[in-house]
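This report describes selected features of one protein structure for a reader who is new to the subject. Please keep the sequence and the three-dimensional view at hand while reading.

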Amino acid sequence: MQANENTYQLPPKIIADLIDAAPVPSISLHSKSRQILFLQRPNLPSIEEVAMEEVRLGGIRLNPRTNGSSRSYYFNNIFVKKGEKRIRMKGLPYKARIENISWSPDGQSIAFTLTRARGIELWMGDCTTQTTKKLTDARINDTIGQLPYSWLNNKTLICKMIPEGRGKAPTQSTVPKGPVIQENTERKTAHRTFQDLLKNEYDKALFEYYTTSQLIRVNIENGRSRKINKPTVISTFVPSPDGEYLRITKLERPFSYVVPYSRFPQKVELWTNLGKKVCTVAEIPVADDIPKGFDAVRKGPRSFQWRNDQPASLYWTEAQDEGDPTNEVSIRDQVFYLNAPFDKKPKKSIATQFRFGGFQWGDGKLALVYEWRWKDRRAITSAFAPDKPQKSKKVIFDRSWEDRYNSPGEFQTHKNEYNRSVLLRNDSGKLFLIGAGASPEGNQPFVDTYNLKKGSTKRLWQSKAPFYEAPMRILEADTPLLLISRESKSEPANYYVRDLSEQTEYPISDFPHPYPHLKDLNFQLLKYKRKDGIKLTAKLYLPIGYDAKKDGRLPVLMWAYPREYKSADAAGQVKDSPYRFTRLHPHSPLYWVTQGYAVLEGFGMPIIGEGDQEPNEKFIQQIKANAKAAIKKVTKMGIADPARIAVGGHSYGAFMTANLLAHTNLFAAGIARSGAYNRTLTPFGFQSEERNFWEATETYMAMSPFANANKINAPLLMIHGESDNNAGTYPMQSERFYNALKGLGKTARLVMLPHESHGYRARASVMHMLWEMTEWLDRYVKGRAH
């Protein structure tokens with residue numbers, strides 16, 4: 001490649017202009033007040049911003065200057081919709097970095113954080129006057145947990161602050177006091193390849209320094225504040241529905257070197273909203289011995305939550321199988337609860353046969369409980385009466401979550417008098433379901449009512465061609481009134497409020513086409529079969545104005561990501577709609593349509609293992625069959641030049657790409673971004689593989705492109721972020737694989753992007769990635785002799 005190897009490069013101008021196109025705003029609508037916000041994002045950040053100092057501790061990455069995340073996304077403007085106009089909220093600073101936006105219970109105000117160069121402030125906005133004001137100085141602590149603040153009521157916020165007089169961060173001596181020692185004595189403590197873990201006592205001290213918080217109550221009208229209890233390491237804090245109590249989850253020493261902070265020892269306490277400790281609910285040890293399996297969980301209490309329809313009733317669950325899904329038990333999880341004033345012993349609520357998956361609350365006579373089992377992808381939804389939980393459980397749905405065609409959808413909620421989500425019901429007591437509406441014709445989203453007594457549904461509304469309409473929320477149950485998003489192949493998504501009884505609607509947004517010069521770009525949803533009869537789909541994009549008779553066969557870029565299934569029928573189901581608008585994102589493969597390529601996006605890549613067979617036992621055979629079927633389809637259509645086809649993917653798609661090059665001669669070149677190539681470096685499982693290396697040695701080795709590097713003949717471009725923190729895809733994977741290819745005399749190129757993680761954020765990094773891919777495709781695919 002001819003460009004200066006030491007500088008960032010730009011792709012062709014048409015691609016660069018697409019990257020620099022203004023992002024489409026997000027919208028937020030409060031269902032009670034009907035206030036509507038338009039939230040504007042900036043374009044991609046500069047490399048200078050992405051390269052700012054970063055501290056990595058206990059599985060988090062933080063900016064030590066701000067005491068917040070170092071890799072967050074933010075908005076830079078807030079607009080309030082008034083009639084046909086959008087009015088910018090006044091008082092925001094230039095180039096604001098706005099995060100953590102949430103509505104007040106009455107929907108008349110919002111709170112948000114604003115990141116400055118030296119800290120994070122808490123602000124509020126008045127939607128009626130369209131004004132904003134600062135509530136705290138730059139001491140918000142946004143390092144761990146959920147939002148760094150919570151609404152207590154319409155006038156009061158509770159927030160996590162850096163303690164006053166905290167002082168400077170601990171410094172590390174250049175002279176060690178001794179070695180760092182870990183020891184295990186006959187305990188099974190197998191873990192996936194977590195990154196950014198604590199490494200020594202200095203890291204522990206630093207973690208404690210940055211995550212220790214002081215809770216503060218703030219009045220949004222006058223700005224007055226008061227402290228709540230003492231500074232401590234608070235992971236989460238959640239007010240009770242009536243606002244009288246706080247559920248506090250504190251992290252306790254000893255911190256671990258082998259798991260992230262979410263598995264550190266925890267103490268769950270209840271405080272009053274003024275900070276007086278009421279009781280300790282649970283003391284939970286470090287979870288460094290969670291058994292093998294995707295539905296394995298930590299021992300002891302977990303999944304703490306307030307019951308949304310009660311003033312102050314705390315629920316949690318405890319595994320009855322030691323957290324191990326292979327243990328044979330009749331009850332997998334038992335739910336407990338404790339009511340205010342929390343001076344009694346916990347009582348038993350409902351129990352689940354499979355792993356507990358959560359609640360949707362209604363009232364004392366109705367709530368829903370979800371449970372699931374990984375090995376057969378089984379999901380059960382049951383109704384029960386929280387006031388009489390032992391004898392009231394009734395199964396509503398018992399199904400495979402892989403089966404999209406028969407998915408009933410998700411039950412809908414609304415906010416109650418406590419501003420908490422509870423099941424939405426109309427005057428006749430019927431519940432509401434919103435679903436994707438998957439079918440052989442593509443997704444057709446729907447709204448149903450559900451009669452709990454009869455166990456029957458009634459269709460109220462469904463999307464129809466040539467549009468793709470998705471219900472976002474039910475605003476009123478008895479009308480019913482819907483907030484929907486509507487798009488088509490040629491029209492971007494816009495939002496509408498639709499009255500189903502009157503069959504009327506009015507628009508919320510009028511976003512224009514974000515790429516007007518690509519207004520004629522659309523796709524075909526291809527349907528085809530692989531050799532064993534499994535049904536597959538793919539989206540085919542062609543250059544604008546392409547005429548097969550005049551232009552002949554095209555070079556092709558095929559892009560995919562493998563998915564595991566336990567059901568062949570489910571694997572073959574259509575998973576998209578032919579009426580979606582084409583939305584570009586920085587990591588999309590679609591940019592090369594502008595360079596004369598056909599792009600086959602998301603071509604079917606199911607990996608199936610039915611019954612007792614694990615999907616990965618035939619991983620290589622199946623990715624080969626999937627690729628051959630896709631190539632056969634686009635070649636038979638007269639579009640693809642079979643000698644000029646490239647394959648690519650990101651993460652597990654990169655792993656797929658390297659394996660396809662190692663085990664087939666179908667492709668002229670490959671592009672692998674942020675991948676893992678040596679499965680011995682992920683010995684305790686990867687993706688959907690539960691078995692460890694020693695239980696499935698042959699499978700791990702057969703699936704490792706590193707072990708088959710000698711078989712790769714096509715040129716391979718690898719791109720990786722130098723700071724990739726995704727489990728299993730640390731940068732060494734690409735570095736070692738490149739060294740193997742280089743040592744074997746293969747054609748390969750490795751591009752390491754400074755300061756980038758698993759996905760690439762900086763404008764300079766994204767532009768350079770696109771330049772690298774364009775150069776590689778043009779050299780080894782488009783320019784290849786027919």
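The model discussed here is predicted.

**Nonpolar cores**

In soluble globular proteins, nonpolar side chains tend to be buried together. The largest nonpolar core of this structure holds 59 residues, and M558, L600, F603, F667 and F737 touch the most other members. For M558, setting aside residues up to four places away in sequence, the residues touched include L600, F603, A627, I631 and F667. A second core of 38 residues is separate, and V574, A668, V766 and M767 are among its members.

**Aromatic rings**

A pair of aromatic rings is described by the distance of the centres and the angle of the planes. How many aromatic pairs does a search of the whole structure find? The search yields 36 aromatic pairs. One of them joins Y209 and Y210, whose ring centres are 4.9 Å apart with 85° between the planes, an edge-to-face arrangement. Both partners are on the buried side of the scale: Y209 has a relative accessibility of 13%, and Y210 has one of 7%.

A further pair is formed by W316 and F336; it is stacked because the planes meet at 20°, with the centres 6.4 Å apart. W316 belongs to strand β20 (residues 313-319) and F336 to strand β21 (residues 333-339), so this pair ties together parts that are 20 residues apart in sequence. Both W316 and F336 are buried.

Ring pairs also build a cluster, which links Y561, F619, Y652, F655, F684, F686, F693, W694 and Y700.

In two places, the charged end of an arginine sits over an aromatic ring, as the table shows.

| Charged residue | Ring | Distance to ring centre |
|---|---|---|
| R86 | F38 | 4.3 Å |
| R377 | W374 | 3.9 Å |

**Helix α3**

Helix α3 spans residues 201-211, and its buried residues are D203, K204, L206, F207, Y209, Y210 and T211. Which strands do the buried residues of α3 pack against? They pack against β3 (55-57), β4 (60-63), β14 (212-219), β15 (225-239) and β16 (245-251). At the start of the helix, a side-chain oxygen of N200 comes to within 3.2 Å of the backbone nitrogen of Y202.

**Two strand residues**

S349 is located in strand β22 (residues 347-352). With a relative accessibility of 1%, S349 counts as buried. Apart from neighbours within four places in sequence, S349 is in contact with Y315, Q334, V335, F336, Y337, F384, P389 and Q390. The stacked residue F336 is thus named again in this set of contacts.

K394 lies in strand β26 (residues 394-400). Is K394 buried or partly exposed? Its relative accessibility is 40%, so K394 counts as partly exposed. Beyond neighbours within four places in sequence, K394 is in contact with T381, S382, A383, L452 and K453. In addition, a polar atom of the K394 side chain lies 3.1 Å from the backbone oxygen of L452. The C-alpha atoms of K394 and F384 are 6.3 Å apart in space, while the two residues are 10 apart in sequence.

**Cysteines**

A disulfide is a covalent bond between the sulfur atoms of two cysteines. A search of the whole structure finds 0 disulfides. Why does C159 form no such bond? The closest cysteine sulfur, in C127, is 20 Å from the sulfur of C159, which is too far for a bond. C159 is buried, with a relative accessible area of 0%. C279 also counts as buried, at 13% relative accessibility.

**Backbone geometry in loops**

Most residues other than glycine have a negative phi, and most peptide bonds are trans. The following residues depart from these patterns.

R253 and P254 are joined by a cis peptide bond with omega of about 5°. P254 is placed in the loop between β16 and β17 (266-272). Another cis peptide bond joins A340 and P341, with omega of about 10°. P341 is in the loop between β21 and β22, and F342 lies in the loop between β21 and β22 as well. F342, although not a glycine, has a positive phi of about 65°. F342 is buried, with a relative accessible area of 5%.

R377, also not a glycine, has a positive phi of about 55°. R377 occurs in the loop between β24 (366-373) and β25 (378-384). R377 is buried at a relative accessible area of 5%, and the charged end of R377 is the one placed over the ring of W374.

Methods: Residues are numbered from 1 along each chain as its sequence is written. This is a predicted model: local features need pLDDT of at least 70, side-chain atom pairs count only at pLDDT 80 or more; totals for chains, interfaces and linings use all residues. Side-chain values use heavy atoms; hydrogens and water are left out. Rings of Phe, Tyr and Trp (its six-membered ring) pair if their centres lie within 6.5 Å; planes under 30 degrees apart count as stacked, over 60 as edge-to-face and the rest as tilted. Buried means under 20% relative accessible area, exposed over 50%, partly exposed in between (1.4 Å probe, protein chains only). Helices (H or I, at least four residues) and strands (E, at least two) are DSSP runs, numbered from the N terminus. A charge sits over a ring if NZ of Lys or CZ of Arg is within 6 Å of the ring centre and within 35 degrees of the ring normal. Contact means heavy atoms within 4.5 Å. A polar contact is a pair of N or O atoms within 3.5 Å; within protein, one must be able to donate a hydrogen and the other to accept it, and residues adjacent in sequence count only if both atoms are side-chain atoms. A disulfide is a pair of cysteine sulfur atoms within 2.5 Å. A nonpolar core is a set of buried Ala, Val, Leu, Ile, Met, Phe, Trp, Tyr and Cys residues joined through side-chain atoms within 4.5 Å.
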